[in-house]
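Biologist: Please take the sheet in this model, with whatever packs against it, and go through it closely. I would like the pairing of the strands to come before anything else.

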Amino acid sequence: MSRLIRTRVGTVIGTLAIGGAAVGVYTSLRRNIARFDSPIPSKAVFSGAAFTYLPLESSDQVNHNTKKLRFRLPDSESISGTALTLNTDKITTASLLTFSWPKGQYFPVLRPYTPISNPTNSSSQIDEPGFIELLVKKYPGGRSSTHLHAMEPGQSLLFVAAIKGPQWTPNKVGHVVLIAGGAGITPCYQLARGILDNPGDNTAVTLIYGVNGDEDFLLQREIEQWEQKFPSRFKAIVTVSKPDDGSTLKRGYVDGTLLKEALPDIGSKDSEVYVCGPPPMETNLVGSRSKMGVLEELGYRKDQIHKF
Ligand SMILES: Cc1cc2nc3c(=O)[nH]c(=O)nc-3n(C[C@H](O)[C@H](O)[C@H](O)COP(=O)(O)OP(=O)(O)OC[C@H]3O[C@@H](n4cnc5c(N)ncnc54)[C@H](O)[C@@H]3O)c2cc1C
């Protein structure tokens, strides 16, 4: 009997903890929760706060430390509602805030991940019905990423809400520079797709992507397809810090020298720069309170530089 009571008390405390955390998270993030204007179909799961458990459909190893996780939406007609092509007046990038309680941890973890699911037909301007896909890199000792990598198909993950990232107005400037490091490619990929898939947007896009090894070049097939499909509008420069023997990729880090070489219009007022990567890379490029970043040194104004 006392064991039963203890179990129930445990369950109640657990439920209250999750509920309390969820309410706290909702309250503190309310202003950032993405709300997309019409014409979003009513089946959009992330058009406001979601608090939805989604079952894992499949988990595929992409390279030595990254998996593609495919989650099933509540029904086959549901869409995530985060597809950037939905609203052609203004594009809102978005990540999905996940809540998990990794095994052996005292506290749950909240971490954003950027959906990369492909629309079945980009001209239809809706994202893939029925599913969302995340590309998740596992960090040594990483609480959330280790938990997500250990998930088996059929297990569920709690998605709290879509969190608004930078907004993009089509044709606002002539050239967008996306600078990504490692798993930071996912928000850059999402924004590039929103620009390139929008027939009303003529903006040129340059992607500068720094990775550790050749194997870490994520979304390679998709990026190479863009180079073929948009030869005069899209350019990718991928640089590897520790290339394989015989690597065909550029060698080195994303630094001022590489940026000057890659961007003939560097510092142009008709451009915007978006950065997503490991904290040291972002600090070096974007700067900190005490130090000016490389991008400003190269002539970009602060309001031209954005972080996801
Ligand atoms: C807007 C946004 C979108 C994101 N989208 C994605 C995505 O699509 N895919 C994805 O894999 N991740 C993405 N991230 C990062 C993700 O949210 C987590 O930060 C990441 O999975 C690590 O969490 P963790 O709990 O596993 O690691 P933690 O337990 O928080 O950290 C453990 C250790 O891992 C290392 N570490 C943690 N984060 C990073 C990092 N970003 N770079 C380098 N080392 C790190 C550090 O050494 C740290 O000490 C995104 C982050 C943001 C802010």
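Modeller: β11 and β12 run parallel and are joined by 3 bridges. One pair of residues places this contact: valine 273 has isoleucine 305 of β12 as its bridge partner. Everything here refers to a predicted model.

On its other pairing, β11 is joined to β7 by 6 bridges, and these two strands also run parallel. Here histidine 175 is bridged to serine 271 of β11. β7 in turn pairs with β8 in the parallel sense, over 7 bridges, and valine 177 has threonine 206 of β8 as its bridge partner.

These pairings belong to an open sheet of 6 strands, which has the order β10-β9-β8-β7-β11-β12 and parallel pairing. The two edges are β10 (250–251) and β12 (305–307); each has a single partner strand, so one side of each lacks a neighbour in the sheet. As a general point, strands of a sheet pair through backbone hydrogen bonds, either parallel or antiparallel.

Of the 6 residues of β11, 5 are buried, and the strand is mostly covered. Part of the packing around it involves α3: the buried residues of this helix pack against β11 (271–276), and also against β3 (91–100), β5, β6 (156–168), β7 (175–181) and β8 (204–211). The contacts of α3 therefore include β7, β8 and β11 from the sheet.

How many residues of α3 are buried? The count is 11 of 12, so the helix is largely enclosed by the rest of the structure. The buried ones are Ile185, Thr186, Pro187, Cys188, Tyr189, Gln190, Leu191, Ala192, Arg193, Gly194 and Ile195. Arg193 is thus on the buried list together with residues such as Leu191 and Ile195. In its geometry, α3 spans 16 Å from the first C-alpha to the last over 12 residues, close to the 16 Å expected at 1.5 Å a residue. For the chain as a whole, buried residues make up 34% of 308.

The helix and the sheet also meet in the nonpolar core. The largest such core has 38 residues, and Leu178, Ile179 and Cys188 have the most contacts inside it. At least two residues each come from β7, α3, β8, β9 (234–240), β11 and α6 (279–286). α3 provides the largest share, 6 residues. Cysteine 188, one of the buried residues of α3, touches Leu178, Ala180, Leu207, Tyr274 and Cys276, with residues up to four places away in sequence left out of the list. Another core lies apart from this one; it has 24 residues, including Leu73, Leu96, Leu134 and Phe159. In soluble globular proteins, nonpolar side chains tend to be buried together.

α3 also takes part in the surroundings of the ligand. The ligand has 22 residues around it, and the closest are Tyr139, Gly142, Ser144, Ser145 and Thr186. Two or more residues of this shell come from each of β4 (109–113), β5 (131–137), α2 (143–150) and α3 (185–196). By type, the shell has 11 nonpolar, 8 polar and 3 charged residues. Thr186 accordingly appears in two places: among the buried residues of α3 and among the residues closest to the ligand.

Two loops that adjoin strands of the sheet each hold a residue to check for backbone geometry. Asparagine 171 lies in the loop between β6 and β7. Its phi is near 65°, a positive value in a residue other than glycine. Leucine 219 is in the loop between β8 and α4 (220–229), and its phi is near 55°, again positive in a residue other than glycine. Their surroundings can be set side by side: asparagine 171 has 12 C-beta neighbours inside 10 Å and counts as exposed, whereas leucine 219 has 21 other C-beta atoms within 10 Å and is buried.

For context, the chain has 7 helices and 12 strands. Of the contacts with a separation of 6 or more, 71% are between residues 24 or more positions apart. An example of residues distant in sequence is found outside the sheet, at tyrosine 53 in strand β1 (residues 49–61). Its C-alpha atom is separated by 6.1 Å from that of phenylalanine 159, which is 106 residues away along the chain. Leaving aside neighbours within four places in sequence, tyrosine 53 is in contact with Ser156, Leu157 and Leu158. Tyrosine 53 has 13 C-beta neighbours inside 10 Å, so it counts as partly exposed.

How values were computed:
Residues are numbered from 1 along each chain as its sequence is written. This is a predicted model: local features need pLDDT of at least 70, side-chain atom pairs count only at pLDDT 80 or more; totals for chains, interfaces and linings use all residues. A residue is near a molecule or strand if its C-beta atom, placed from the backbone, lies within 6 Å of it. Helices (H or I, at least four residues) and strands (E, at least two) are DSSP runs, numbered from the N terminus. Ala, Val, Leu, Ile, Met, Phe, Trp, Tyr, Cys and Pro count as nonpolar, Asp, Glu, Lys and Arg as charged, and the others, Gly among them, as polar. The expected span of a helix is 1.5 Å times one less than its number of residues. A residue is buried if 20 or more other C-beta atoms lie within 10 Å of its own, exposed if 12 or fewer, and partly exposed in between; C-beta atoms are placed from the backbone. Two residues are in contact if their C-beta atoms, placed from the backbone, lie within 7 Å. Two strands pair if DSSP finds at least two bridges between them. A nonpolar core is a set of buried Ala, Val, Leu, Ile, Met, Phe, Trp, Tyr and Cys residues joined through C-beta atoms within 7 Å.
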